[in-house]
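Biologist: I'd like a close look at a single part of this model rather than a tour of the whole thing.

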Amino acid sequence: MQTVPEEWREGSGDRTEETLMKRRGDHSGGEMKENGGTVKGEVEKESLMTELTRLVQMTVKESSWWERRGMDCSILAAAFLCLPPAFLLLGSSQLLWFSAGVLLMGVAHAILTIKGTHLASHGALSESQAWSKFWAIFFIEICGSFSARAGVQGHIKMHHAHTNVIGLGDSSVWKVPFLPRTIYLFIAPLSVPIITPLVALAHLRGNSPLLICRTILMVTLGLYSQYWLLIHVSGFLSPVSALLCMLVCRAMFSVPYIHVNIFQHIGLPMFSATSRPKRVYQMTHGVLNLPRNFLLDWIFGHSLINCHVEHHLFPFLSDNMCLKVKPVVSKYLTEKKLPYQEDRYLSRLQLFFNKYQELMVFAPAITELVGVQ
């Protein structure tokens, strides 16, 4: 149980999902009075998120289109341009060139299905709602073999809206308690390419026939197009070899993908739905940044690696903009004596390996805000 100041508590029933960067003047000046007494400093405490939002918005307004979206769009475009040479290299009979094709295909696929789907789910690739919806369907369903609606619902409306809230956004979806730690951390992630479309099908139950047909069609299109190109362009002689190649390329970064998803939330303070803190405290206590990593930064995106705190505070920003506002956010949180949590990848891996039962099997402890009921 963690004792924190009373003003950190957010009252039950008044919690709504905030649309950051669009809020204006959500606090009034002067002192507030309650039961005949003056509550000093409450306005200042409530304006922390608003003040930080204003600082970040200033940085965004001063940024060019290239900084806001262009850089990340270019990375995704480069990944697409890597696909033709990858298919050609996979047709080589020489081991070196074939291996280069596998590597190139794996990197390109990871960029599209991790970075691309993540940005698309947040609408960070375009200011147009129509284009944002198109990119979400394209990246999540065609490239990622998952349901766009289920992806947005689970990630945006649950994980982000209820970060580290038990039973809502506590990252328990990543837990598989019956698996031993070595299997879970290093072997089971390789099955993600197989499990993903199956989970997508399970999420289609209860949806409209039109949505079900669209999702199945898009997922099938993505999988079959890669299979067809491996047979007719790369020259694979058997369906089994083509499917095996697809699995290897799609599973290439599955292990760090699972690691990143559990390292940055599980093991940090968890809250109950009725006693969660205000947003700025919830995100600064329940989210962790990993250090810069050249490979993962470019493949997964800054918002999933070294700017995860910034991403949860301002989820609609692109990866490049999260990186640009990082100094602003870290400086502000430090000045306000709020936590800005960071840890090394190997340090988190060691922690999860040594405390696997506590973190991934048993129910997490709830961080209770003592002082207000």
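What is the relative accessible area of Trp 135? Take that residue as the starting point and work outwards.

Modeller: Sure. This is a predicted model, so local features need pLDDT of at least 70 and side-chain atom pairs 80 or more, while totals for chains, interfaces and linings use all residues. Numbering starts from 1 along each chain as written, and side-chain values use heavy atoms, without hydrogens or water.

Trp 135 comes out at 25% relative accessible area, so it is partly exposed (buried is under 20%, exposed over 50%, partly exposed in between; 1.4 Å probe, protein chains only). Trp 135 sits in helix H5 together with Phe 138, 3 residues apart, or about one turn of the helix (helices are DSSP H or I runs of at least four residues, numbered from the N terminus). The rings of Trp 135 and Phe 138 have centres 5.9 Å apart and planes at 80 degrees, so this pair is edge-to-face (rings pair with centres within 6.5 Å; under 30 degrees is stacked, over 60 edge-to-face, the rest tilted). Both rings belong to a cluster linked by ring pairs, along with Phe 80, Trp 131, Phe 134 and Phe 139.

The structure holds 17 aromatic pairs. Another of them is Phe 263 with Phe 352, a tilted pair with 5.1 Å between centres and 45 degrees between planes. That pair links distant parts of the chain, with Phe 263 in H11 and Phe 352 in H16, 89 residues apart. Phe 263 is buried at 0% relative accessibility, and Phe 352 also counts as buried at 0%.

Back to H5. Its axis and that of H9 come within 7 Å and cross at roughly 65 degrees, so the two helices are roughly perpendicular to each other (65 to 115 degrees; under 35 is roughly parallel, over 145 roughly antiparallel, the rest oblique). On the H5 side, Ile 137, Glu 141 and Ile 142 make the contact; H9 brings Arg 214, Thr 215, Met 218, Val 219, Leu 221 and Gly 222 (heavy atoms within 4.5 Å).

H5 and H9 also meet in a bigger list: H3, H4, H5, H9, H10 and H13 each supply at least two residues of the largest nonpolar core. That core has 44 residues, and Phe 139 is among those with the most contacts inside it, as are Leu 90, Met 105, Leu 230 and Phe 300 (buried nonpolar residues joined through side-chain atoms within 4.5 Å). H4 gives the largest share, 9 residues. Leaving out neighbours within four places in sequence, Met 105 is in contact with Leu 83, Ala 86, Phe 87, Leu 90, Gln 226 and Cys 249.

Notes. Axes are lines fitted to C-alpha atoms, for helices over the stretch in contact, and angles run from 0 to 180 degrees between N-to-C directions. Rings of Phe, Tyr and Trp (its six-membered ring) pair if their centres lie within 6.5 Å; planes under 30 degrees apart count as stacked, over 60 as edge-to-face and the rest as tilted.
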